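Thanks, everyone; I will take a few minutes to walk through one model, and I would ask you to keep the display open while I talk.

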Amino acid sequence: MAHTTAQGPIRVDPEPGRDVDLIPREFLRVIAVWSLVPAYLAAGAFFGWLADKAFGTFPFGIGIGLLIALVAAVRDMLRLRDGF
C-alpha cells in the first residue's frame, strides 16, 4: 500500500507477521501447470520406450505410456486448480 505526499509516494510496510509474496501465486500456478504436461509426457514416452525395448513391442509401449502420462497430467492439473 502506498500513500502520496507532496514529496512523492511513501512505502508502507505490511502488517507485522504478514509475509509479502515476492512471486504472485497466480504466476506460480501457471508455471506449475505449463511445466506439468511436458514433463509427464516426456516421462511417459521414456518409460514406454523402455518397455518397448524390453518386450519388443515398438509402438504400443510408447502409446500406452503417453496415454497414462496424459491422464496423470490432467488429474494433477485438476488437483493444482483446487489446491491453490
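What share of the 84 residues of the protein count as buried? The figure is 13%, and I will come back to some of those positions in a moment, after a word on confidence.

What you see is a predicted model, and the protein averages a pLDDT of 83, with 74% of the residues scoring at least 70. That confidence varies between the elements: strand E1, residues 2-5, has the lowest mean pLDDT, at 54, whereas helix H2, residues 58-83, has the highest, at 92.

As for the overall layout, the protein has two helices and two strands, and, read along the sequence, these follow the pattern β-β-α-α. Among contacts between residues at least 6 apart in sequence, 49% join residues at least 24 apart. On the outside, the protein exposes about 6900 Å², of which carbon and sulfur atoms supply 69%.

Let me turn to helix H1, which covers residues 25-55. H1 has 31 residues and reaches 44 Å from its first C-alpha to its last, close to the 45 Å expected at 1.5 Å a residue. The buried residues of this helix are Leu36, Gly44, Gly48 and Asp52, and what covers them includes H2. In general, an α-helix has 3.6 residues a turn, so residues three or four places apart point the same way. After H1 comes glycine 56, whose phi is positive, near 70°.

Of the buried positions in H1, aspartate 52 is the one I would like to look at in some detail. Where is the nearest side chain of opposite charge to aspartate 52? That side chain belongs to lysine 53 and is 9.1 Å away, and aspartate 52, although buried, has no salt bridge. If we leave out residues up to four places away in sequence, aspartate 52 touches Thr57, Phe58, Pro59, Phe60, Gly61 and Ile62.

On the H2 side, I would point to glycine 65, which lies in that helix. Is glycine 65 buried or exposed? Glycine 65 counts as buried because its relative accessibility is 12%, and the cut-off for buried is under 20%. The C-alpha atoms of glycine 65 and alanine 43 are separated by 8.1 Å, although the two residues are 22 residues apart along the chain.

I will stop there and take comments.

Terms used: Residues are numbered from 1 along each chain as its sequence is written. This is a predicted model: local features need pLDDT of at least 70, side-chain atom pairs count only at pLDDT 80 or more; totals for chains, interfaces and linings use all residues. Side-chain values use heavy atoms; hydrogens and water are left out. pLDDT is the predictor's confidence in each residue, from 0 to 100. Helices (H or I, at least four residues) and strands (E, at least two) are DSSP runs, numbered from the N terminus. Buried means under 20% relative accessible area, exposed over 50%, partly exposed in between (1.4 Å probe, protein chains only). Lys and Arg count as positive and Asp and Glu as negative; His and the chain ends are not counted. A salt bridge is a side-chain nitrogen of Lys or Arg within 4 Å of a carboxyl oxygen of Asp or Glu. Contact means heavy atoms within 4.5 Å. The expected span of a helix is 1.5 Å times one less than its number of residues. Accessible areas come from the Shrake-Rupley method with a 1.4 Å probe; for residues, only the protein chains shown count as cover.
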